[in-house]
Amino acid sequence: MDVPPAVTGTAPVAGASVTQPEAVAALPDGGADGDNGGGKGRFGAMGPVGLVLAGGISVQFGGALAVTLMPRAGAFGVVTLRLVVAALILVLVCRPRLRGHSRADWGTVVAFGVALAAMNGLFYQSVARIPMGPAVTLEVLGPLALSVITSRRLVNLLWAGLALAGVFLLSGGGFDTLDPAGVAYALGAGVMWAAYIVFSARTGRRFPQADGLALAMIVASVLILPFGIVESGAKLLDPSILALGAAIAVLSSVLPYTLELLALRRLPAPTFAVLMSLEPAIAAAAGFLVLSQALTLSQAAAISLVIVASMGAVRTQIGGGRAARARERARDRSRVREGDDAH
């Protein structure tokens, strides 16, 4: 819910995992190392597919666990624990260098951290008010809108229309069945997720490995910490709350990042992208199993429409990226032939 590690060296940390079509389209056809799935035949891909699904399940069930902790620690308290613990783990693992970076590098990573803090803060405010399935579905609209806006293909207007139909169905014509504030927070989280995508990509180009993510997580933790202290105060130091917060950080950030990083080394990008488009459905399942948040028939249909729109946008972007690369290769071959003819 945000950019695949193979693209930017970062990991998703919002309520949803990776569903960003434009980011996934940037992956090579054969996954992170171009090995076309890392296995021979259908069964060779089952391992990485399982890793991706496990990562998605971890993210969403971690989010459900966070909702159960909110009555004790508050929404800001939970997101504070999640970001702070995840930042500590990433810093210990990555040990990012602080020297040798330009002012522009630091400006980019700070903007990335701001997007991280806002995205997570808004999302947790949303799931404190509305069920997880609708919340993640509304949040996914941010990356989907960014994909449509940045794409020059008219077919993406079809996917945008399908997503809007899903949103209208989810609202019941006016969001009468959902808390308006929760809806607004989810949409705001979607906007910040789109910003997260942009700055995640820029950070990945400026910092090696996951260094940029670790530094941005520190920024996000510093920004969200005052809100958590004001809302929860000494509760953040309660051993049981602290332990649950650490578990949420591992489930929602550290574990999914590791699993997706391993999967992307062997899994074809189109398969990865389509699997990530299933996040709203996984979120709805987690909400039902952990929080007893049952969906109405119209809400289930609405989530299905948004998932189909996300999948369609993903495949369109990937197809467009392949076509562009094919045209570029054809132009390169043409230039080589022209050079040979000239000699």
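L223 is partly exposed in this predicted model, with a relative accessible area of 38%. You will find L223 in helix α10, which spans residues 211-232. Together with V110 and V114, L223 makes a nonpolar surface patch of about 210 Å². Patch members need over 30% relative accessible area, and L223 passes that cut-off because its value is 38%.

Here is a tour of the rest, by topic.

**Overall build**
- The protein has 14 helices and 0 strands, so if you read the elements from the N terminus on, you meet α after α to the end.
- Of the 343 residues in the protein, 51% are buried.
- About 14800 Å² of the protein is exposed, and carbon and sulfur atoms supply 66% of that area.

**Aromatic residues**
- The structure holds 4 aromatic pairs.
- One of them joins F123 and Y124 in an edge-to-face arrangement, at 6.0 Å centre to centre and with 80° between the planes. The pair counts as edge-to-face because its planes are over 60 degrees apart.
- F123 and Y124 are both buried.

**F199 and its contacts**
- F199 sits in helix α9, residues 180-206.
- With a relative accessibility of 23%, F199 counts as partly exposed, because buried would require a value under 20%.
- Setting aside neighbours within four places in sequence, F199 is in contact with T108, A111 and F112.
- F199 and F112 are 87 residues apart along the chain, yet their C-alpha atoms are separated by 5.1 Å.

**Salt bridges**
- The count of salt bridges comes to 2.
- D238 and R72 form a salt bridge in which the closest N and O atoms are 3.9 Å apart. This pair qualifies because the cut-off is within 4 Å.
- The D238 and R72 pair links distant parts of the chain, 166 residues apart: D238 is in the loop between α10 and α11 (239-264), while R72 is in helix α4 (residues 46-73).
- D238 is partly exposed at 29% relative accessibility, and R72 is partly exposed at 38%.
- R206 and D105 meet through their side chains in a salt bridge of 2.6 Å, N to O.
- R206 lies in helix α9 and D105 in helix α6 (residues 103-127), so this pair ties together parts that are 101 residues apart in sequence.
- R206 is partly exposed, with a relative accessible area of 38%, whereas D105 counts as buried at 10% relative accessibility.

Technical notes:
Residues numbered from 1 in each chain as written. Predicted model: local features only at pLDDT ≥ 70, side-chain atom pairs only at ≥ 80, totals over all residues. Heavy atoms only, no water. Helix = DSSP H or I, 4+ residues; strand = E, 2+ residues; numbered from the N terminus. Buried < 20%, exposed > 50% of the residue type's maximum accessible area, 1.4 Å probe, protein only. Areas by Shrake-Rupley, 256 points an atom, 1.4 Å probe, with all protein chains shown as cover. Patch = residues over 30% accessible without salt bridge, like charges linked within 9 Å, V, L, I, M, F, W, Y side chains within 5 Å. Phe/Tyr/Trp six-rings, centres within 6.5 Å; stacked < 30°, edge-to-face > 60°. Contact = heavy atoms within 4.5 Å.
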